[in-house]
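Here is a briefing on unusual backbone geometry. Please look over the sequence and model before reading on.

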Amino acid sequence: MRRKTAGTLHKWDVSGGTATARPIPVQMVTDMTNLVSQRLKSLRSTDGATWHCGAGTIRKIRSFAACSLALVAILSLLAAASIDAQSPVADTIFIGDILTLDRSHPKAEAMAVYAGRIVAIGSRSEVESLATKNTHKVRINGVALPGFADAHIHVAGVGEQLEKLNLRGLTKAEVLAKVAEAARTSPNGSWITGGGWDEGFWHPAVFPTAKELDAVSDDHPVALSRIDGHSTWINSKVLALAKISRDTPDPDGGLIRRDAAHEPTGMLVDHAQELIRRVIPKPTHADEEHRIRIALQQFSRWGLTSVHDAGVGLETISIYKELLKRGELPVRVYAMANGEAALTHYLANGLELDLGNGMLAVRSFKLFLDGALGSRGAEMTEPYTDAPQEHGLELMKDADLERIVRAAHQKGFQVNTHAIGDRAVRRALDAFEKGGVTPNDRFRIEHASIVTNDDLPRFVHMGVIASIQPVFVGEYSRWAEDRVGPSRIHWVLRTRDFLTAGVALASGSDYPASDSGIPLDTLNCLVTRQSAAGKPEAGWYSDQRVDVDQALRMMTAGPAFAAFQEKDLGTLTVGHYADFTVLSANPYQVLSNDLRKLSIRMTVVAGRVTFDTSKNQAMPRR
Ligand SMILES: [Zn+2]
């Protein structure tokens with residue numbers, strides 16, 4: 001959000017739009033792609049700031065300097081082009097309705113791509129004039145938009161979700177029936193795992209117990225994580241394997257739920273879940289790679305071209321590197337390093353930027369300050385309204401947080417802190433302030449779900465990005481008011497308030513810790529404040545709705561900015577990667593109630609089709 005587009009690039013815009021300078025010959029444009037992008041990079045690194053030429057929005061002197069530099073670049077590139085006139089011009093031309101989200105040329109009829117980047121975008125006749133006999137032409141069967149990005153998702157978790165029992169939206173009886181079925185059909189003693197249950201759907205809405213699972217699970221250990229991933233329901237077999245008894249103390253930052261006799265009931269909250277991690281068979285490297293692969297395939301079907309993986313260790317990063325090396329990474333990954341080993345490794349070895357033409361980057365750390373609101377793990381200043389003894393969990397002490405913020409800041413890493421409760425959000429902002437964080441550092445607060453009025457302007461002053469997951473509206477509409485009460489409910493999921501205050505926003509899904517990872521559900525939710533299932537009908541606190549344009553920018557340019565990638569991604573602009581998503585209809589032209597009916601027709605990353613519903617027919621070559 002509030003990002004600036006690379007204005008000088010209009011020099012190469014062949015759309016013939018009103019704001020563009022006279023285009024230089026298009027043939028040369030495409031011949032010079034690599035030179036142009038290299039030259040642009042070097043210019044950007046000297047100017048460091050923005051590229052507004054002639055747009056009266058910046059001071060004249062800076063504008064003049066940037067324009068002069070650009071002119072020098074153009075002249076030298078013209079010279080270079082005449083030497084290199086035989087280079088290919090456009091390897092692919094995409095033809096159809098294109099919405100660029102670039103304010104200087106919002107619409108286009110065609111887009112030429114060379115080596116993964118957009119080399120021309122504008123009218124069909126002008127762009128098609130760049131074609132040679134080797135140019136591949138692809139029809140856009142729908143409406144193309146900049147590729148959808150998810151600023152907060154758990155990739156291997158999505159893969160694991162695809163592999164295990166899916167308990168979303170089920171009643172308790174249905175969950176138990178599914179476990180019984182799995183117990184009948186799998187070898188004795190093998191683990192039954194599942195996730196996605198939510199007692200909010202049950203009557204009464206209370207946490208379940210080990211005994212209920214025991215009745216249907218025979219000899220199988222059973223572990224079923226709640227929809228938010230912050231608590232796990234286990235049977236007595238797992239309690240025994242993990243040696244959890246009435247004498248086991250609650251671990252730091254965790255809770256073993258107990259009955260009146262102090263016996264564990266079979267619910268482990270937040271860090272208490274660690275007690276079973278050591279007895280659940282660990283996934284092998286091959287298991288993990290399989291999960292990542294199937295998740296990435298799913299993302300392409302959902303229209304995602306880029307994801308920010310919100311907390312990965314060194315092993316997962318090594319899997320990404322292997323996939324990249326083999327050319328098998330279909331979605332861009334911005335990996336947030338998490339855990340002691342990754343922290344130590346990256347602080348010693350530095351950032352990994354732009355691996356494989358922007359397919360993979362590691363330049364941020366993910367930290368966890370608190371738990372989730374549903375399981376009352378979100379750290380609140382005042383107690384929970386529906387549990388007056390509880391304030392939530394502090395998963396990281398201020399001193400540790402400040403130490404990591406300082407170390408990361410010094411080495412040029414971005415810090416992305418999970419903070420949901422108002423107290424955790426404030427602690428994150430306090431630590432950033434102490435660490436001297438400025439807008440250039442683009443530090444992030446992941447979730448930022450409950451933010452007080454006093455803290456809103458602090459995001460703006462320090463340029464802290466709110467990395468939000470709009471799809472939580474569906475879940476929160478069922479119980480958030482019970483948790484925080486009427487006086488604090490206006491601090492919860494305040495998307496429009498963030499926008500109005502001028503906070504930079506990046507939108508994601510937190511899937512599988514939320515109802516849906518589907519970007520079209522996020523779009524619908526931002527605009528209507530309804531869940532993926534269309535509830536509640538009037539929208540939950542509908543004053544926090546945003547319009548389609550704002551929503552789309554949060555899902556494209558927002559994540560690009562939050563990953564320092566706005567010069568390559570986020571809009572369909574000459575010089576950017578050709579990453580786009582084709583929808584079945586123009587989202588600006590459908591009624592907001594019909595946004596849920598949109599579908600994904602095609603997904604393209606760096607000019608390569610990663611998903612296609614229609615098996616596009618290649619158009620006749622010129
Ligand atoms: Zn998350």
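The points below cover cis peptide bonds and positive phi angles. The model is predicted. Most peptide bonds are trans, and most residues other than glycine have a negative phi. The cases listed here depart from that pattern.

**Cis peptide bonds**

- His203 and Pro204 are joined by a cis peptide bond. Its omega is about 0°.
- Pro204 sits in a loop. That loop runs between strand 7 (192-197) and helix 7 (210-217).
- Tyr511 and Pro512 are also linked by a cis peptide bond. Here omega is about 10°.
- Pro512 falls in the loop between strand 19 (505-507) and helix 18 (519-528).

**Positive phi: Leu101**

- Leu101 is not a glycine, yet its phi is positive, near 60°.
- The loop holding Leu101 lies between strand 1 (92-99) and strand 2 (107-114).
- Is Leu101 buried or partly exposed? Leu101 is partly exposed, because 19 other C-beta atoms lie within 10 Å, and buried status takes 20 or more.

**Positive phi: Arg442**

- Arg442 has a positive phi of about 50° and is not a glycine either.
- Arg442 is placed in the loop between helix 14 (422-434) and strand 17 (444-447).
- Why does Arg442 rank as buried? Arg442 has 21 other C-beta atoms within 10 Å, and 20 or more are enough for a residue to be buried.

Definitions and conventions: Residues numbered from 1 in each chain as written. Predicted model: local features only at pLDDT ≥ 70, side-chain atom pairs only at ≥ 80, totals over all residues. Helix = DSSP H or I, 4+ residues; strand = E, 2+ residues; numbered from the N terminus. Buried ≥ 20, exposed ≤ 12 C-beta atoms within 10 Å, placed from the backbone.
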